[in-house]
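Grab a coffee and open the viewer. Below is a handful of exercises to work through, each with a solution you can check as you go.

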Amino acid sequence: MIEAMRLVQDTIRYVSLSMGRGSYIPRSPDVVVKSGFGDCKDKALLLASSLRRLGVQANPALTDLDDGFALGDVLPTIRAFDHVIVKAVIGGQTYWIDATNFLQGGRAENLVPPDYGFALPIVAGNAQMERIEREELFQPTTFVSEAFDFPKFKGEPLNLTVSTTYRDADADSMRYRLVSQSATKLADDYLQYYNRQYPGMTSLATLSTNDDRDQNVVTIVESYELPTEALDTDDLVTNFPLKADVGISNLPAPDMVGRIGPVWLGSPMFKRHQCIVRNLKAQFVGPEKSDDVITPYVAFKARWSSTPTEFQVDWYLKTISDRVPAKNIGAYLRSRKKMSDNSGWNYNFAYAEPEAN
């Protein structure tokens, strides 16, 4: 199944043919193969036909890219759908596949289903709308680990090594990004990100990437250097920022005025950001008061540990529900602000006595 999926996803170029008959009727699989391109219904029919030839029960299924989660509450009509995917069943296990994806990772046991809510399989007889079940996230799908090595001796630079591990849907997104833009552009974007926080940062090595497509894990390693003069400029060392990038800014911040519908939180999210600071002159601590935010919709935690020369902090963010009811938007927005306020700490790493802001 996976080989057929990758063959259709990766080698048949997606081109929309939404004109006349092409708006509703897919081209035959042999025409799609010969031409080397097709739209969603073309590719879905090709994949379903290929899987059937392999003995797999498979059917195209209608869904909606933007409003798929509302399909369970409306009557199916032609205008209710704007996309076609595939439902495959092997040994009683259902797999939902979007044939228009590109470079999707994973095998059958860890394949990420498209997050479209509901789909209507095209089958003879009593076709019924079916829910596309979301996979619960048990580990972060993005884990950023930043290791700051402060100078051991005066005049030496600070070194920063960043290792980011992407899994599941986040790995699919990063894999696509790695092939859709140059490594130079990606490395420059990352360098600019760190230069905004630590002015004067320079790159030490070429961006390193590793992709285990079957496990659906992509790892990226970055190496930077901050010269001692940049570390001393504007007293950066005495007000050194440690900041978590766990996706808080991606959580919606709706206007409460006149809101009657729920707030959609998007696809499941579970992220972790770690900062390790080494070669310190004293033992540092995090805030005495817990900054955890636990709601029925999203959870945020911060954890720290230390030794006489090393300080580590980990932030975690996980969405629990896919929406916030209108009546609870006020409480949600207050929680979101608290998460944002506690996603970064500043430290004075210059003196023997630590000082946290």
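The exercises start with the whole protein and then go to single residues, rings and a pocket.

This is a predicted model, so local features need pLDDT of at least 70 and side-chain atom pairs count only at pLDDT 80 or more, while totals for chains, interfaces and linings use all residues. Residues are numbered from 1 along each chain as its sequence is written, and side-chain values use heavy atoms, with hydrogens and water left out.

**Exercise 1. Describe the protein as a whole.**

Step 1: count the helices and strands. There are seven helices and 21 strands; these are DSSP runs numbered from the N terminus, with helices being H or I of at least four residues and strands being E of at least two.

Step 2: get the dimensions. The C-alpha trace spans about 75 × 50 × 40 Å along its principal axes.

Step 3: look at burial. Of the 357 residues, 44% are buried. Buried means under 20% relative accessible area, exposed means over 50%, and partly exposed is in between, using a 1.4 Å probe and protein chains only.

Step 4: check the contacts, meaning heavy atoms within 4.5 Å. Among those between residues at least 6 apart in sequence, 68% join residues at least 24 apart.

**Exercise 2. Work out how many disulfides there are, and how accessible Cys 40 and Cys 275 are.**

Step 1: apply the rule, which asks for a pair of cysteine sulfur atoms within 2.5 Å. The count is zero.

Step 2: turn to the two cysteines. Cys 40 counts as buried because its relative accessible area is 10%, and Cys 275 is buried too, at 0%.

**Exercise 3. Find out what surrounds Lys 87.**

Step 1: place the residue. Lys 87 belongs to strand 4, which runs over residues 83-90.

Step 2: buried or exposed? Lys 87 has a relative accessibility of 16%, so it counts as buried.

Step 3: look for a polar partner. The Lys 87 side chain makes a polar contact with the side chain of Glu 130 at 2.9 Å. Such a contact is a pair of N or O atoms within 3.5 Å; within protein, one must be able to donate a hydrogen and the other to accept it, and residues adjacent in sequence count only if both atoms are side-chain atoms.

Step 4: list the neighbours. Leaving out residues up to four places away in sequence, Lys 87 touches several others, among them Gln 57, Asn 59, Tyr 95, Trp 96 and Pro 121.

**Exercise 4. Sort out the aromatic rings.**

Step 1: set the rule. Rings of Phe, Tyr and Trp (its six-membered ring) pair if their centres lie within 6.5 Å; planes under 30 degrees apart are stacked, over 60 edge-to-face, and the rest tilted.

Step 2: count. That rule gives 16 aromatic pairs.

Step 3: take one of them. Tyr 194 and Tyr 224 make a tilted pair, 5.2 Å from centre to centre with 45° between the planes. This pair links distant parts of the chain, with Tyr 194 in helix 5 (residues 183-197) and Tyr 224 in strand 12 (residues 217-226), 30 residues apart. Both tyrosines, Tyr 194 and Tyr 224, are buried.

Step 4: find a cluster. One aromatic cluster includes Phe 148, Phe 150, Tyr 198, Trp 304 and Tyr 347.

**Exercise 5. Describe the second largest pocket.**

Step 1: recall the idea. Rolling a probe the size of a water molecule over the atoms shows where empty space is left. On a 1 Å grid over the protein atoms alone, a cavity is a set of points where a 1.4 Å probe fits but cannot get out; a pocket is an open set with protein on both sides within 12 Å along at least five of seven lines, and lining residues have an atom within 4 Å of a point.

Step 2: read the volume. The second largest pocket comes to about 620 Å³, where grid points are joined across faces, edges and corners and the volume is the space filled by probe spheres set on the points.

Step 3: inspect the lining. Of the 22 lining residues, the closest to the centre of this pocket are Ser 23, Tyr 24, Lys 41, Leu 62 and Val 84.

Step 4: assign the lining to elements. Helix 3 (40-53), strand 3 (57-63) and strand 4 each supply at least two residues, and helix 3 gives the most, with three.

**Exercise 6. Examine two positive phi angles.**

Step 1: Leu 103 is not a glycine, yet its phi is about 65°. Leu 103 sits in the loop between strand 5 (93-97) and strand 6 (118-121), and is buried at 14% relative accessible area.

Step 2: Asp 168, also not a glycine, has a phi of about 55°. Asp 168 is in helix 4 (residues 168-180) and is partly exposed, at 22%.
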